[in-house]
Amino acid sequence: TRGNPFFIIQFLKSVVQNKMILFSVKSRRWTWDIDTIDMQMISNGVAELLTTTFNRFPAKLMRTLKIVSCFGSQIEDSTIELMNLGQQVLSFDVQNELQLAVKEGILEKAGPIYQFTHDLIQQAIYELIPAGNRKLLHKTIGTSLLKSAADNQTIHILAVDQINLFCKDSIPNSEERSQFARANATAAKFAIAASRFEQGDFMIVDSFQSLRFFSLRLVISHSFFIARSYIDTGIKLLETGHWDSQYSLSLDVFEMSASVSYMRGDITKMSTCLDEILSHAKTFDDSLNASAMLAKLLASSSKHDEAMVNCLAILSNLGEDFPQQVDLTIILNKLSAIQPLLRDLTVERVKILPPMTDTTKLNTMKFLNMLCTYCDMAAPMMIPLVSCRMVELTLHHGFCD
């Protein structure tokens, strides 16, 4: 029984039910044959003991336990309620069955969470589901939760996790592939958003919180790891000619793949994704995010000259041209030209500037900001021209992040 109280109780029940321990009225004591008991435990073991116990449970209770086991060691009450409402997975009121499972010592409840009293119990119940039925059950649970998820990130991710267990060794039909690919893309966005939230928290850690600092780094890394798995599954589920039939979705998942690869330091994967996007993008605007990431990739490889050239080419397409050769005269002329704009500028006027809304100008500011960074390493003389242009755009079109 490995010292587990539940196993000990089940073992004693089994011994009594099989009449291997009896009360002798004549001797007025319990009697048993230890050799017979030992032989049963050696031949059957704990797993068989559990299976025998579960087979005596009512059908509804076993159906409930099998579904709960598909989620691992624990599940929230609200998730069960969602499955109960849809009646696609559970066609009966499950609350009575859950209470019975708690009474039997299979589950325990802590607040809103039901959890198995031991991992071996969860494993034994899960393995009672035939392999083929197990896949279909994961799919049924996942699609049912997906319908109820709406904007609930936790439920959506639970649904996608179930769907992906089905997809792992199964081949969905065309309609399911498209639905599941979109669901994985959404789950990846949720995971990336969670990592960005943690990064914001990460930035405010002070020097006396080194343990928290390290913990946050682990959380962020784990969030990107989870996002990576959803992205890879989403790409795997795309159709053969997905750049024609699923263009927007393809652009979305490959951009996320490149971004997550960059954050995880997987330069090879990032480069492959960017090549895929830039070779299939249908419009200039669709290629902008990939072009920005390409500039970052070049800069991270210390290719600041190439990163700067990349930004200048994009800015030229956005209507912003800069001289190839910059000297002091050009800089002084630019500074003289911008002085009238700054002459009457006050802090109060800056504070009331509206937010920038023009998409083209927002993209321009994004690449100007990147260019300013790369110029610092590759062409410092360009920085005054870039900075002046950013000031002009801000005063004429408003603030941007």
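User: Which residues does H242 touch, not counting residues up to four places away in sequence?

Analyst: In this predicted model, H242 touches Y247, S250, F254 and E276. H242 itself is found in helix α11, residues 242-245.

User: Why is H242 called buried or exposed?

Analyst: Buried means under 20% relative accessible area. H242 has 11%, so H242 is buried.

User: Y247 came up just now. What makes α12 mostly covered?

Analyst: Just count: 12 of the 17 residues in α12 are buried. Y247, S250 and F254 are among them.

User: How do you know what span to expect for helix α12?

Analyst: You take 1.5 Å times one less than the number of residues. Helix α12 covers residues 247-263, and the expected value is 24 Å. From its first C-alpha to its last, α12 reaches 24 Å, close to what's expected. After α12 comes G265, with a positive phi near 80°.

User: What makes D77 and K109 a salt bridge?

Analyst: The cut-off is a side-chain nitrogen of Lys or Arg within 4 Å of a carboxyl oxygen of Asp or Glu. For D77 and K109, N to O is 3.7 Å, so the pair makes the cut. The two partners are 32 residues apart, with D77 in helix α4 and K109 in strand β4.

User: Why is D77 called buried, and what is K109 called?

Analyst: D77 has a relative accessible area of 18%, which is under 20%, so D77 is buried. K109 is at 41%, between the 20% and 50% cut-offs, so K109 counts as partly exposed.

User: What about the side chains of K139 and E176?

Analyst: They meet in a salt bridge too, at 2.5 Å, N to O. K139 lies in helix α7 and E176 in helix α9, so the pair ties together parts that are 37 residues apart in sequence. Both K139 and E176 are buried.

User: Where are E320 and R389, which also pair up?

Analyst: E320 is in the loop between α15 and α16, while R389 is in helix α19. Their side chains meet in a salt bridge at 2.7 Å, N to O. Salt bridges that share partners join E320, K334, R389 and E392 into one network.

User: What is W30 called at 49% relative accessibility?

Analyst: Exposed means over 50%, so at 49% W30 counts as partly exposed. W30 helps make a nonpolar surface patch of about 600 Å², along with F23, V25, W32 and I34.

Methods: Residues numbered from 1 in each chain as written. Predicted model: local features only at pLDDT ≥ 70, side-chain atom pairs only at ≥ 80, totals over all residues. Heavy atoms only, no water. Helix = DSSP H or I, 4+ residues; strand = E, 2+ residues; numbered from the N terminus. Buried < 20%, exposed > 50% of the residue type's maximum accessible area, 1.4 Å probe, protein only. Contact = heavy atoms within 4.5 Å. Patch = residues over 30% accessible without salt bridge, like charges linked within 9 Å, V, L, I, M, F, W, Y side chains within 5 Å. Areas by Shrake-Rupley, 256 points an atom, 1.4 Å probe, with all protein chains shown as cover.
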